[in-house]
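Got your viewer open? Let's take a walk through this one together, one selection at a time.

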Amino acid sequence: MPYMEAVIHEIQRFSDILPMNLPRIAMKDIHFRGYVIPKGTYIYPLLSSVHYDPEQHSNPQEFDPGRFLDSQGCFKKVEAFMPFSAGKRMCIGGGLARMELFLFFTTILQAFTLHSPVPPSQISLAPASVGVGKVPPKYQLSVSQRQH
Ligand code: HEM
């Protein structure tokens with residue numbers, strides 16, 4: 001189900017729910033690309049700068065699952081996608097979370113049709129608040145059983 005995978009990936013890129021990742025701290029002095037990061041420095045590897053990098057994603061402010069599909073409609077891996085961060089300390093629950101997102105979304109969409117009571121163009125996509133996490137605003141949704 002490549003389109004479903006692409007939609008879920010785009011939801012994770014676009015919603016960017018941990019824009020500043022989780023804070024980490026340097027355990028010792030680190031020499032990195034000519035800079036010294038002293039022991040004890042808090043480090044926030046900004047995931048937003050990856051998910052909204054216009055050099056990596058054309059029109060990053062637009063919701064476009066197509067950026068995760070190739071010309072044949074097959075799912076395309078995109079390097080600048082790291083909602084679970086990267087490296088040694090990346091999210092240990094990433095595999096479980098991805099499986100849950102896929103199963104929950106597909107199960108809901110196979111059984112129900114979802115409608116917005118207002119035209120989609122009137123829905124604000126701006127988060128209700130942004131701190132360590134981006135909190136989505138409240139939405140109303142109408143759910144009806146799907147006719148097969
Ligand atoms: C959509 C859901 C999730 C997102 C977006 C997410 C994202 C993240 C991120 C960005 C980090 C920081 C990694 C770093 O500092 O490099 C993290 C760490 C972590 N996550 Fe998740 N996570 C999710 C779900 C889960 C789940 C379901 C679990 C457990 C079952 C989990 C367990 C953890 C743990 C234990 C860490 C700390 C890992 C460490 O310090 O080595 N996460 N997560």
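Select asparagine 21 to begin: does it count as buried or exposed? Asparagine 21 counts as buried, because its relative accessibility is 10%. (Buried means under 20% relative accessible area, exposed over 50%, and partly exposed in between, with a 1.4 Å probe and protein chains only.)

A quick word before moving on. You are looking at a predicted model, where local features need pLDDT of at least 70, side-chain atom pairs count only at pLDDT 80 or more, and totals for chains, interfaces and linings use all residues. Residues are numbered from 1 along each chain as its sequence is written, and side-chain values use heavy atoms, with hydrogens and water left out.

**Stop 1: the whole chain**

Zoom out and switch to a cartoon view. The protein chain has 3 helices and 8 strands. (These are DSSP runs numbered from the N terminus: helices are H or I with at least four residues, strands are E with at least two.) Trace the chain from the N terminus and you'll meet the elements in the order α-β-β-β-β-α-α-β-β-β-β. Along the principal axes, the C-alpha atoms fill a box of roughly 60 × 35 × 30 Å.

Now try a surface view. The accessible surface of the protein chain is about 11,000 Å², and 61% of that belongs to carbon and sulfur atoms. (Accessible areas come from the Shrake-Rupley method with a 1.4 Å probe; for residues, only the protein chains shown count as cover.) Of the 148 residues, 21% count as buried.

**Stop 2: the ligand**

Select the ligand and show what surrounds it. You should find 17 residues there, and the closest are Asn21, Arg24, Ser85, Arg89 and Cys91. (A residue is near a molecule if one of its heavy atoms lies within 4 Å of it.) So Asn21, where we started, is among the closest. What classes make up the shell around the ligand? It has 11 nonpolar, 4 polar and 2 charged residues. (Ala, Val, Leu, Ile, Met, Phe, Trp, Tyr, Cys and Pro count as nonpolar, Asp, Glu, Lys and Arg as charged, and the others, Gly among them, as polar.)

Next, pick the iron atom of the ligand. Which protein donor does it have? The only one is Cys91, through its SG atom at 2.2 Å. (Donors are N, O and S atoms within 2.8 Å of the metal, or 3.2 Å for Na, K and Ca; water is not among the atoms, so sites may look incomplete.) On the cartoon, cysteine 91 is in the loop between α2 (48-51) and α3 (94-111).

Then look at the ligand's oxygen atoms:

- Serine 85 has a side-chain N or O atom 2.6 Å from a ligand oxygen.
- Arginine 89 places a polar side-chain atom 2.6 Å from a ligand oxygen.
- Arginine 24 has a side-chain N or O atom 2.8 Å from a ligand oxygen.

**Stop 3: the loop between α1 and β1**

Go back to asparagine 21, which sits in the loop between α1 and β1. Check its backbone: phi is positive, about 60°, although asparagine 21 is not a glycine. Aspartate 16 is in the loop between α1 and β1 (24-25), and its phi is near 50°, also a positive value in a residue other than glycine. Aspartate 16 is buried, with a relative accessible area of 2%.

**Stop 4: helix α1**

Select glutamate 10, in helix α1 (residues 2-15). How buried or exposed is glutamate 10? Its relative accessible area is 0%, so it is buried. Leaving aside neighbours within four places in sequence, its contacts include Glu62, Phe63, Asp64 and Arg67. (Contact means heavy atoms within 4.5 Å.)

In helix α1 you'll also find glutamine 12, which is buried at 14% relative accessible area. With neighbours within four places set aside, glutamine 12 is in contact with Phe81, Pro83, Phe84, Arg98 and Leu101.

**Stop 5: two methionines**

Methionine 1 is in the segment before α1 and is exposed, with a relative accessible area of 57%. Draw a distance from its C-alpha atom to that of threonine 106: the two are 105 residues apart along the chain, but separated by 9.5 Å.

Finish at methionine 82, in the loop between α2 and α3. Methionine 82 is partly exposed, at 23% relative accessible area. Not counting residues up to four places away in sequence, methionine 82 touches Leu47, Val50 and His51.

Methods: Polar contact = N/O pair within 3.5 Å; in protein donor to acceptor, adjacent residues only side chain to side chain.
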